[in-house]
Amino acid sequence: MATRRVGSLLNRSFTSASMFSKARSSSVVRGIGKYSTDASIESPISPSVKVNYTQLLINGQFVDSASGKTFPTLDPRTGEVIAHVAEGDAEDVNRAVSAARKAFDEGPWPKMTAYERSRVLFRFADMIEKHNDEIAALETWDNGKPFEQAAKIEVPMVVRFFRYYAGFADKIHGLTVPADGEYHVQTLHEPIGVAGQIIPWNFPLLMFAWKVAPALACGNTIVLKTAEQTPLSALYAATLLQEAGLPPGVLNVVSGFGPTAGASLASHMDIDKFAFTGSTDTGKKILELAAKSNLKTVTLELGGKSPFIVCEDADVDKAVEMAHFALFFNQGQCCCSGSRTFVHEKVYDEFLEKAKARAERRLVGDPFKGGIEQGPQIDSVQFEKILKYIDYGVKAGAKLETGGERVGTKGFYIKPTVFSDVQDDMPIACEEIFGPVQTILKYKDLNEVIRRANNSRYGLAAGVFTQNIDTANTLARALRVGSVFINCYYIFDASIPFGGYKMSGIGREKGIYGLSNYLQVKAVVTPLKNPAWL
């Protein structure tokens with residue numbers, strides 16, 4: 001039931017009229033206006049949270065990096081420094097891996113009963129729930145996502161993920177297998193050992209949960225590298241895990257940069273398993289490093305260019321709102337965002353007009369302010385990348401219907417942007433922008449849109465909006481993607497597996513499938529003497 005509540009909360013909060021639009025008064029709308037610079041952009045709200053954890057967590061202790069170096073983590077609202085965080089490198093990774101190895105080989109965690117492990121994870125979930133608003137404020141400050149999104153959606157989902165996998169901890173078991181001969185055969189599902197993990201900056205705490213929860217439930221130990229843009233919430237969460245009773249060395253957190261700390265972790269000879277969420281290009285490098293070292297198994301959740309298909313029978317008003325949500329949620333910084341909006345020619349003109357109007361009503365401003373739908377992009381690099389893609393779209397001949405510029409003079413805010421007359425070979429239609437840029441493409445029939453939707457190196461997700469169950473079933477089976485959302489989007493219950501086809505990744509996270517990433521299967525064969533039965 002809790003899974004359904006969180007999933008329905010996410011769906012309910014961002015559909016029909018968006019997360020906050022129902023709550024807006026007409027005076028608020030008039031005060032902000034089309035693409036206005038909300039006053040909070042120029043005078044940011046001070047967060048009601050302090051940064052207390054900026055060091056590396058190794059063997060249960062917060063320590064400085066071996067080099068003594070730090071790096072700044074920035075407030076996307078202003079570009080100003082929030083805090084200086086310890087910069088881990090190869091030596092720190094070695095220390096963390098040694099601690100994790102000792103905790104696995106000699107420590108109590110894998111030797112605990114599964115029930116005792118589950119109790120630690122349940123206690124941690126309770127603590128996250130207790131500190132919901134503080135954690136959400138850290139996430140918003142470091143990432144730029146709306147506080148109401150972090151506090152009402154994402155932190156509760158973290159709680160749900162840990163409770164889900166805590167419940168699985170004492171339900172992991174093998175099989176008794178019949179064999180051809182007088183043998184007793186059983187399979188054991190064993191923890192894989194020391195897991196290396198790298199989480200991204202777009203959903204720092206959620207990705208912490210996706211990776212850490214199943215790994216711990218299976219009895220593994222972990223060395224986790226945070227994204228250099230967003231290290232704060234994972235360090236806070238790791239502190240609560242220690243307080244919940246996690247033994248020293250079981251979870252180690254190293255903040256740092258990809259070419260140094262990340263590469264050292266992926267190529268480390270004493271890491272048994274690696275999990276990464278991020279770009280496809282970086283995923284290729286991770287896979288290469290893993291293969292050249294000890295051939296560790298790798299799970300990859302990578303990029304996407306997901307089609308959102310609006311069929312000719314669609315309720316256009318609902319389709320516009322859902323397509324808007326599928327693209328603009330989280331500032332467009334979602335790997336599975338519905339970033340190619342395919343609209344049937346019979347409803348294209350109406351859809352385009354209403355999609356443009358919806359984008360122009362989107363409230364952009366300080367994410368700590370109530371009612372704001374869109375905060376800043378993560379940093380100057382992503383900000384400039386998005387603006388560059390908008391320029392590519394204009395130069396390629398797409399029509400810029402609205403947006404395409406920054407908002408205000410501070411921080412990394414971009415106006416919600418809509419393109420029409422988009423062709424499949426344009427960069428904005430085939431490359432991952434990772435920003436608030438909606439590309440709307442016209443199609444004639446089902447066979448055409450299937451072919452065009454599948455003509456991508458990615459295959460992470462797809463959206464289908466139709467009132468015809470036969471059309472929905474046809475598309476669900478024809479689209480070469482890991483998730484198909486029919487008349488909904490971004491339903492991320494703990495039980496639903498997530499991952500991609502093609503260059504969108506390897507393996508699945510979440511649900512019962514997520515456990516297999518962190519387990520080895522061992523066959524044990526014993527001869528039987530004069531068995532009564534076989």
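The questions and answers below go through a predicted model of one protein, from its overall build to single residues.

Colleague: How many helices and strands does the secondary structure of the protein come to?
Modeller: The C-alpha atoms fill a box of roughly 80 × 55 × 40 Å along the principal axes, and the chain inside that box is made up of both kinds of element. The secondary structure comes to 19 helices and 22 strands.

Colleague: Why does the protein count as being as compact as a globular protein of its length?
Modeller: For 534 residues the globule rule gives 24 Å, and the protein is judged by how close its own value comes to that, so the figure to look at is its radius of gyration, which is 24 Å.

Colleague: What share of the residues of the protein count as buried, and what share of the contacts between residues at least 6 apart in sequence join residues at least 24 apart?
Modeller: Buried means under 20% relative accessible area, and of the 534 residues 58% fall in that class. As for the contacts between residues at least 6 apart in sequence, the share that joins residues at least 24 apart is 75%.

Colleague: Is Ser264 buried or exposed?
Modeller: Ser264 is found in helix H11, which covers residues 258-266, and apart from its neighbours within four places in sequence it is in contact with Ala90 and Val93. The relative accessible area of Ser264 is 17%, and the cut-off for this class is under 20%, so Ser264 is buried.

Colleague: Which helices and strands do the buried residues of H11 pack against?
Modeller: The residues in question are Ala261, Gly262, Ser264, Leu265 and Ala266. They pack against two helices and four strands, namely helix H5 (90-105), helix H12 (280-292), strand E7 (194-198), strand E8 (221-225), strand E9 (251-254) and strand E10 (273-277).

Colleague: Which residues is Leu205 in contact with, leaving aside its neighbours within four places in sequence?
Modeller: Leu205 lies in helix H9 (residues 204-217) and is buried, with a relative accessible area of 3%. Its C-alpha atom is separated by 24 Å from that of Ala103, which is 102 residues apart from Leu205 along the chain. The contacts of Leu205 are with Ile135, Glu139, Val155, Val158, Ser233 and Ala237.

Colleague: In the open sheet E5-E6-E22, which are the edge strands?
Modeller: Three strands form this sheet with antiparallel pairing, and E5 pairs with E6 (residues 183-191) over two bridges, where Thr176 has Gln186 as its bridge partner. An edge strand pairs on one side only, and this holds for strand E5 (176-177) and strand E22 (519-527).

Colleague: Which residue takes a positive phi in the hairpin of E3 and E4?
Modeller: Strand E3 (residues 70-75) and strand E4 (residues 80-86) pair in the antiparallel sense over six bridges, and Phe71 stands opposite Val85 in E4. The hairpin has four residues between the strands, and the residue with a positive phi, near 80°, is Gly79.

Colleague: How do the residues of the lining of the second largest cavity divide into nonpolar, polar and charged?
Modeller: A search of the whole structure finds five cavities of 30 Å³ or more, and about 60 Å³ of space lies in the second largest. Among its lining residues are Lys305, Leu327, Cys334, Ser337, Glu431, Glu432, Phe434 and Val437. The lining divides into five nonpolar, four polar and three charged.

Notes:
Residues numbered from 1 in each chain as written. Predicted model: local features only at pLDDT ≥ 70, side-chain atom pairs only at ≥ 80, totals over all residues. Heavy atoms only, no water. 1 Å grid on protein atoms, 1.4 Å probe; cavity = no way out; pocket = protein on both sides within 12 Å on 5 of 7 lines; lining within 4 Å. Points joined across faces, edges and corners; volume = space filled by probe spheres on them. Nonpolar A, V, L, I, M, F, W, Y, C, P; charged D, E, K, R; others polar. Pairing = 2+ DSSP bridges. Rg over C-alpha atoms; globule rule 2.2 N^0.38 Å. Buried < 20%, exposed > 50% of the residue type's maximum accessible area, 1.4 Å probe, protein only. Contact = heavy atoms within 4.5 Å.
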